[in-house]
Amino acid sequence: MRIAYLECTRCGEHLPADRPQNVCPKDGGVLYVRYDLASLKGKLRPENLSGRVASMWRYAEVLPDATLVTLGEGFTPLLPSMCGGEALPRGHGAEPRHHTSRESANVFIKDEGLNPTGSFKARGMSAAVTMAKHYGLKKLAAPSAGNAGGALAAYAAAAGIEAHIFMPKDVPIANRMECDYYGAHVTLVDGLISDCARMVAERKDKEGWFDVSTLKEPFRVEGKKTMGYEVAEQMNWKLPQGIIYPTGGGVGMIGMWKAFDEMEELGWIGAERPKMITVQAAGCAPIVKAWEAGKSASEMWVGAQTFAAGLRVPKAYGDYLILDILKKSQGTAVAATDEEVLAAMRHWASVEGVFAAPEGAASLVAYQKLRASGFFRAEDRVVLFNTGTAYKYLDMIEAQEKKARPEVATARTIGGIIGPF
Ligand SMILES: Cc1ncc(COP(=O)(O)O)c(C=O)c1O
Ligand SMILES: [Zn+2]
């Protein structure tokens, strides 16, 4: 659909969408894309969606109208959990499985690992690169914790646009390799994503790069909001009681919240909202810390460390938006240690058949903590986001296994070696 205007989330200023924009020139606020939803109300109904393309672009009326740069992102499965998030930690096949029937499940896994480039970052980059191409931009730049860089590189390749990516030097090997193969210009930085962001900001004007950093251009949110539309559609337009989201920069959470407001304006859902839950790594939990202190913004986390690479974000640009969503939705923020995440990965893989990224498995840790504390009841319908596939983290996972259990790691992982022959 044609965009009505861009709106600053801090001061409400309107900006035109007929040219590329980053953030509000007055106060640096994040810009939201606004459409004339009132004119769509009653004309576009949920039933109009049936038979449409099985990608995020099925929601075309609430996305920018341009020639798409698409690799088939979105419309990922919402899997009813076989075990309802129970029974952890579990021995390696030692204990009985607690399978429920899929019909009775009330815990769901939204499996974003099936996206192009193996993570939900594909959605945001499909939308951002679509608009970059529409605007005639030739060079894009972004800092990345890993997966956003891979996704940008892929969509830029498909669009014939240059990508300049700055990543920490210790990102998973997969992220470095995919960027290389997609033909991106990669700079490895001895630091964190915040250092990478600084380098992009310092060089972009001189180099003629358009900055597509998290929340510093308006369209990555538009792509990611489609997760909210999909959860609603896949749950027959009845939102769950809770959504657990691994939060780094927070775009997934922010996008879904925007989607819920839009769907209400369209008359597709009512005023009810899920409790939105942020899960972060205990070794980098600025949002959890701010939430627990009742603050409306976070502080830079010092010494960030976790093998959940996408959660190694010491300060989110949109922290004020994330904390506001947690408050408005009566949600909360939870931290998961790397050991808990590793155990959750093994549990999901062995019980559900889902080999989740560490960030995604953190959602299961959060769910279990929130069940134990009574925050969620067994009958609450809760969606846990697996934001990516573990296949992109094999080196990190093996290192983490060795750290956690040096004596068994190799045998347990590969079942021992026979030979040489
Ligand atoms: C697999 C995965 N999950 C979660 C996140 C965090 O996403 P966001 O920055 O949108 O909060 C990332 C970010 O890199 C990621 O790669
Ligand atoms: Zn503003």
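User: A polar contact is a pair of N or O atoms within 3.5 Å. In this predicted model, how far from a polar backbone atom of glycine 250 is an oxygen atom of ligand 1?

Analyst: Glycine 250 is among the residues that come nearest to ligand 1, a group that also includes Asn147 and Thr387. The pair in question joins an oxygen atom of ligand 1 to a polar backbone atom of glycine 250, and the distance is 2.6 Å.

User: Which residue places an N or O atom of its side chain 3.4 Å from an oxygen atom of ligand 1?

Analyst: Glycine 249 contributes a polar backbone atom, at 2.7 Å from an oxygen atom of ligand 1. The contact at 3.4 Å, by contrast, involves a side chain, and the residue is lysine 224.

User: What percentage of the area that ligand 1 exposes when taken alone does the protein bury?

Analyst: There are 15 residues around ligand 1. Taken alone, ligand 1 exposes 390 Å², and the share of this area buried by the protein is 97%.

User: How many of the 7 residues of strand E7 are buried?

Analyst: Strand E7 covers residues 162-168 and is mostly covered. A residue counts as buried when its relative accessible area is under 20%. In E7, the number of buried residues is 6.

User: Which helix does the chain pass through between strands E6 and E7?

Analyst: Strands E6 (residues 139-143) and E7 run parallel and are joined by 5 bridges, with lysine 139 partnered by glutamate 162. The chain makes a right-handed β-α-β crossover from E6 to E7, and the helix in between, residues 147-159, is H3.

User: Which residue of strand E8 stands opposite histidine 164?

Analyst: E7 is also joined to E8 (residues 185-189) by 5 bridges, and these two strands run parallel. Together with helix H4 (residues 173-181), they make a right-handed β-α-β unit. The residue in E8 opposite histidine 164 is histidine 185.

User: Why is strand E3 described as largely enclosed by the rest of the structure, and how many of its 5 residues support this?

Analyst: Strand E3 spans residues 31-35. It is described as largely enclosed because of its buried residues, whose number is 4.

User: In the open sheet of 3 strands, which are the edge strands?

Analyst: The pairing in this sheet is antiparallel, and the order is E2-E1-E3. E1 (residues 3-8) is joined to E3 by 5 bridges and to E2 by 2 bridges. Leucine 6 stands opposite valine 33 in E3 and opposite leucine 15 in E2. The strands that pair on one side only are E2 and E3.

Definitions and conventions:
Residues numbered from 1 in each chain as written. Chains lettered and ligands numbered in written order. Predicted model: local features only at pLDDT ≥ 70, side-chain atom pairs only at ≥ 80, totals over all residues. Heavy atoms only, no water. Buried < 20%, exposed > 50% of the residue type's maximum accessible area, 1.4 Å probe, protein only. Pairing = 2+ DSSP bridges. Right-handed = clockwise from strand over helix to strand, strands pointing away. Near = heavy atom within 4 Å. Polar contact = N/O pair within 3.5 Å; in protein donor to acceptor, adjacent residues only side chain to side chain. Areas by Shrake-Rupley, 256 points an atom, 1.4 Å probe, with all protein chains shown as cover.
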